[in-house]
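Me: I have a model open and want to learn how to read its features. Take me through them one at a time.

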Amino acid sequence: MKKASLIFFLLALVLVLSGCGNKFGNQEQEREQEKNQEKEGVISSIRDAMGLGKTMRCVYKDKSDEGEMESMVYVKGQKYRSESAFQGKKMVGIFDGETMWSWNEGEKNGFKITKQCTDELAKENKNMEQEKNRNMEGMEIGEESFDDAMDVKCEESEDVDFSVPGDVNFADQCEMLKGFSNQAQDMMKKYQGQMPEVPKGMQ
């Protein structure tokens, strides 16, 4: 009887040890896969690519009202140059860490806006969610503008020109957005003044 119990104990011990071996083997396999990905140089997050501090080329898909759009962006730290094809036009954007310039290739007019401006507008509109959503939609700049990017693939690249073209006239988009914001706030104040008072007992 004691001999049988000893055999069962040894069998159970073997099973436990083999299970531990599989666990450690799986962990080793996962570490090996991560090393292989690092060797290949493919990164699936634009934020992570920006954090490397070296020039990276990322391709990704982005959703818009018109559907999915395939885009490309070169990043180096917080700077980036984005290129997107839409309706036969090539849209270019350059962000230097503070200011965003955007224009259509071949055209002489574009827009510029600073991150400080978008942050201020977001703060002003924090109590006006509908207006904020309408006027600020798609206006995120910096690394947060890539939060919705899909199917991201980033690889190391040669250095890229992040300079802004001198022959394009850039209109200040901040002033336009501030105008929309001020109009919305004036309209809200106007309508609030015209709203009838709530009868006592119904508040």
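Me: Which residues is valine 75 in contact with, leaving aside its neighbours within four places in sequence?

Reply: Contact means heavy atoms within 4.5 Å. With those neighbours left aside, valine 75 touches Ile46, Ala49, Met50, Lys54, Thr55, Met56, Tyr80 and Phe162. Two points on the source: this is a predicted model, where local features need pLDDT of at least 70, side-chain atom pairs count only at pLDDT 80 or more, and totals for chains, interfaces and linings use all residues. Residues are numbered from 1 along each chain as its sequence is written, and side-chain values use heavy atoms, with hydrogens and water left out.

Me: Which residues have the most contacts inside the largest nonpolar core?

Reply: A nonpolar core is a set of buried Ala, Val, Leu, Ile, Met, Phe, Trp, Tyr and Cys residues joined through side-chain atoms within 4.5 Å. Buried means under 20% relative accessible area, exposed over 50%, partly exposed in between (1.4 Å probe, protein chains only). Here the largest core has 22 residues, and Ile46, Val73, Val75, Tyr80 and Cys154 have the most contacts inside it.

Me: Which elements give two or more residues to this core?

Reply: Helices (H or I, at least four residues) and strands (E, at least two) are DSSP runs, numbered from the N terminus. The contributors of two or more residues are helix 2 (46-51), strand 1, strand 2, helix 3, strand 7 and helix 5 (173-194). There is also a second, separate core of 6 residues, including Val92, Ile94, Trp101 and Val168.

Me: How do I read the sides of a helix?

Reply: An α-helix has 3.6 residues a turn, so residues three or four places apart point the same way. Try helix 3 (residues 115-124): its buried residues are Lys115, Cys117, Thr118 and Leu121. They cover an arc of only 160 degrees around the axis, so they sit on the same side of helix 3. The arc is that of the directions from the helix axis to the C-beta atoms.

Me: A lysine is on that list. Which residues is lysine 115 in contact with, leaving aside its neighbours within four places in sequence?

Reply: Phe95, Glu98, Ile141 and Glu144. The side chains of lysine 115 and glutamate 144 are joined by a polar contact of 2.6 Å. A polar contact is a pair of N or O atoms within 3.5 Å; within protein, one must be able to donate a hydrogen and the other to accept it, and residues adjacent in sequence count only if both atoms are side-chain atoms.

Me: How many salt bridges does the structure hold?

Reply: Side chains of opposite charge can pair when their charged atoms come close. The rule is a side-chain nitrogen of Lys or Arg within 4 Å of a carboxyl oxygen of Asp or Glu. The structure holds 12 salt bridges. One of them joins lysine 76 and aspartate 159, at 3.8 Å, N to O. Lysine 76 lies in strand 2 (residues 67-76) and aspartate 159 in the loop between strand 7 (150-156) and strand 8 (169-172), so this pair ties together parts 83 residues apart in sequence. Lysine 76 is partly exposed at 32%, while aspartate 159 is exposed at 64%.

Me: Which other pairs should I look up?

Reply: Take aspartate 167 and lysine 108, whose side chains meet at 2.8 Å, N to O. Aspartate 167 is in the loop between strand 7 and strand 8, lysine 108 in the loop between strand 5 and strand 6, 59 residues apart. Aspartate 167 is partly exposed at 47%, and lysine 108 is partly exposed at 47%. Then see the salt-bridge network that links Arg81, Glu83, Lys90 and Glu105.

Me: How many aromatic pairs are there?

Reply: Rings of Phe, Tyr and Trp (its six-membered ring) pair if their centres lie within 6.5 Å; planes under 30 degrees apart count as stacked, over 60 as edge-to-face and the rest as tilted. The count is 4 aromatic pairs. In one of them, tyrosine 60 and phenylalanine 146 have ring centres 5.9 Å apart and planes at 85 degrees, so the pair is edge-to-face. Both tyrosine 60 and phenylalanine 146 are buried. Tryptophan 103 and phenylalanine 170 are also edge-to-face, at 5.8 Å centre to centre and 80 degrees between the planes. Tyr60, Tyr80, Phe95 and Phe146 form one aromatic cluster.

Me: What about the backbone?

Reply: Most residues other than glycine have a negative phi. Aspartate 151 has a positive phi of about 50 degrees although it is not a glycine. Aspartate 151 is in strand 7 and is exposed, at 55% relative accessibility.
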